[in-house]
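Biologist: Before we discuss the packing, please put the sequence and the structure on screen. I will ask about the helices and the sheets in turn.

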Amino acid sequence: MYFPEMGIASVVATMTGGRQSEVGIVGHDGMTGVAVILGQDKSPNETYIQVAGNGWILPVEALRSAIAESQSLRESLLRYAHAFLIQSSRTALVNGHSKIEERLARWLLMVQDRVEGNKIYLTHEFLATMLGAQRPGVTTALQMLEYRGLVHAKRGEITIIDRVGMIRLTHGAYGEEEQSHFGLASA
């Protein structure tokens with residue numbers, strides 16, 4: 001189990017044939033291994049570090065022992081698991097019903113919520129995997145965000161310039177749900 005203090009991990013689902021899409025983001029607000037909290041030994045998803053940072057590692061058995069001894073820890077971890085499931089279901093909803101520009105804006109906002117500053121260091125290829133999209137579509141969406149003055153993009157680096165404009169662009173795909181369960185600020 002990993003508990004990031006800084007940095008971001010992506011929880012990614014994979015289909016037969018190798019297609020992948022991110023189903024959740026973990027930062028200083030959470031932990032990897034939600035399946036363990038729910039009594040499982042293994043998750044069907046993979047976790048990748050997308051923004052390097054630091055954190056804590058705890059062996060699964062040590063966490064299980066602590067959960068068995070502390071009702072308040074168990075309740076706190078179950079609240080987090082619930083919030084993560086809400087994030088995952090919201091991600092599925094948004095990915096199924098929002099334009100790629102809205103999905104990209106939401107994703108960048110969620111990452112910014114979990115990093116210091118307004119710069120995000122990622123490639124278009126990685127963004128495509130996270131959004132379950134084709135790389136050319138991500139490039140076009142990023143250019144659209146840049147044209148609107150919401151971000152500045154250069155190779156491997158995206159700077160969020162207008163957070164409020166990004167939130168508006170999502171048309172409700174980012175907002176209250178993302179903030180209420182993780183204690184994040186919107187502007």
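Modeller: Here is the crossing to begin with: α3 and α4 cross in the left-handed sense. Keep in mind that this is a predicted model.

Biologist: How are α3 and α4 oriented to each other, roughly parallel or roughly antiparallel?

Modeller: Helix α3 spans residues 71–97 and helix α4 spans residues 100–114, and their axes come within 10 Å and cross at roughly 155°. Angles over 145 degrees count as roughly antiparallel. The orientation of α3 to α4 is therefore roughly antiparallel.

Biologist: How many residues of the contact of α3 with α4 are charged?

Modeller: From α3 come Gln87, Arg90, Thr91, Val94 and Asn95, and from α4 come Arg103, Arg106, Met110 and Arg114. Two residues of this contact are nonpolar and three are polar. The number of charged ones is four.

Biologist: What is the orientation of α4 to α6?

Modeller: Helix α6 covers residues 135–147, and its axis and that of α4 come within 9 Å. The two cross at roughly 75°. Angles of 65 to 115 degrees count as roughly perpendicular. The crossing therefore makes α4 to α6 roughly perpendicular.

Biologist: How many nonpolar residues are there in the contact of α4 with α6?

Modeller: On the α4 side are Ile100, Glu101, Leu104, Ala105 and Leu108, which meet Gly137, Val138, Ala141, Leu142, Met144 and Leu145 in α6. One residue of the contact is polar and one is charged. The nonpolar count is nine.

Biologist: Turning to the sheets, which are the edge strands in the open sheet with the order β3-β2-β4?

Modeller: That sheet has three strands with antiparallel pairing, and its twist averages 35° from one strand to the next. An edge strand here pairs on one side only. The edge strands are β3 (20–26) and β4 (46–51).

Biologist: Which residue in β4 is the bridge partner of Val11?

Modeller: Strand β2 runs over residues 8–14 and pairs with β4 in the antiparallel sense. There are five bridges between β2 and β4. In β4, the bridge partner of Val11 is Thr47.

Biologist: At what angle to β3 does α5 run?

Modeller: Two helices can be compared here. Helix α3 lies across β2 and β3, at about 140° to β3. Helix α5, residues 124–131, lies across β2, β3 and β4. Its angle to β3 is about 90°.

Biologist: In the sheet with the order β6-β8-β7, which strands stand at the edges?

Modeller: This is an open sheet of three strands with antiparallel pairing. Each edge strand has a single partner strand, so one side of each is left without a neighbour in the sheet. The strands at the edges are β6 (119–120) and β7 (151–154).

Biologist: Which residue in β8 stands opposite Lys119?

Modeller: Strand β8 is residues 157–160, and β6 pairs with β8 in the antiparallel sense over two bridges. Opposite Lys119 stands Thr159.

Biologist: What angle does the direction of α6 make with that of β7?

Modeller: Helix α6 packs on this sheet and touches β7 and β8. The angle between the directions of α6 and β7 is about 135°.

Biologist: Last, what is the radius of gyration of the chain?

Modeller: The chain has eight helices and eight strands. For 187 residues the globule rule gives 16 Å, and the chain comes close to that, so it is as compact as a globular protein of that length. The radius of gyration is 17 Å.

Terms used: Residues numbered from 1 in each chain as written. Predicted model: local features only at pLDDT ≥ 70, side-chain atom pairs only at ≥ 80, totals over all residues. Heavy atoms only, no water. Axes fitted to C-alpha atoms, helices over the stretch in contact; angles between N-to-C directions. Helix = DSSP H or I, 4+ residues; strand = E, 2+ residues; numbered from the N terminus. Parallel < 35°, antiparallel > 145°, perpendicular 65-115°, else oblique. Left-handed = near helix turned anticlockwise from the far one by under 90°. Contact = heavy atoms within 4.5 Å. Nonpolar A, V, L, I, M, F, W, Y, C, P; charged D, E, K, R; others polar. Pairing = 2+ DSSP bridges. Rg over C-alpha atoms; globule rule 2.2 N^0.38 Å.
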